[in-house]
Amino acid sequence: MDHVKIDPRAEKRKDYISWDEYFMGVAMLSGMRSKDPNSQVGACIVSEDNKILSMGYNGFPMGCSDDVFPWAREGDSLDTKYMYVTHSELNAILNYRGGSLEGAKLYVSLFPCNECAKAIIQAGIRTVIYDSDKYAGTPSVIASKRMMDAAGVRYYKYNRTGRNIQIEV
């Protein structure tokens, strides 16, 4: 085979973002669609060969108006968001229309709760990459980690690079 000399001015750029930066960026951008005044969580499900399969963010189910249902965090349970909001991970799983999620990776801006962990495990997602674990000591997250450990779902914290990714729209 002939040796090809490449003009150094024609080399690829070296400051492109990594797969983890890309997919966590998509998850975080998805979270920006949330109308929740306190928590904007986004998720992005990716195939084993780095193709985006689905995305989701936290919000009310279809047909449940975010102008009618409550966004409150405190008060009678039926008057708070917790009884009604669908988490980003579950939305991403439910939004997928392509068949099996077996072996997929989930990028999510907040560590999944126990209810989302059940859906992640049942969907066949094998890896969870999360940005924040601010509720690590809560029963919900402790239970989530117990279930994922038992089911062989790998999880690890996203390693922030400090790179500022800016999008002008």
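Let me start with helix α1, whose buried residues, meaning those under 20% relative accessible area with a 1.4 Å probe on protein chains only, are Glu21, Phe23, Met24, Val26, Ala27, Ser30 and Gly31. I should say at once that this is a predicted model, in which local features need pLDDT of at least 70, side-chain atom pairs count only at pLDDT 80 or more, and totals for chains, interfaces and linings use all residues. Residues are numbered from 1 along each chain as its sequence is written, and side-chain values use heavy atoms, with hydrogens and water left out.

What covers those buried residues of α1 includes the strands β1 (42–46), β2 (52–57), β3 (105–110) and β4 (127–132), where contact means heavy atoms within 4.5 Å. Helices here are DSSP runs of H or I with at least four residues, and strands are runs of E with at least two, numbered from the N terminus.

Turning to the other pair I wanted to show, α3 (residues 114–123) and α4 (residues 139–151) pack at an angle of about 20°, with their axes 8 Å apart. That makes α3 roughly parallel to α4, a term used for angles under 35 degrees. On the α3 side the contact is made by Asn114, Ala117, Lys118 and Ile121, and on the α4 side by Ser140, Ala143, Ser144, Met147, Met148 and Ala151.

As for the whole protein chain, there are 4 helices and 5 strands, and from the N terminus on the elements run α-β-β-α-β-α-β-α-β. Buried residues make up 38% of its 169 residues.

Technical notes: Buried < 20%, exposed > 50% of the residue type's maximum accessible area, 1.4 Å probe, protein only. Axes fitted to C-alpha atoms, helices over the stretch in contact; angles between N-to-C directions. Parallel < 35°, antiparallel > 145°, perpendicular 65-115°, else oblique.
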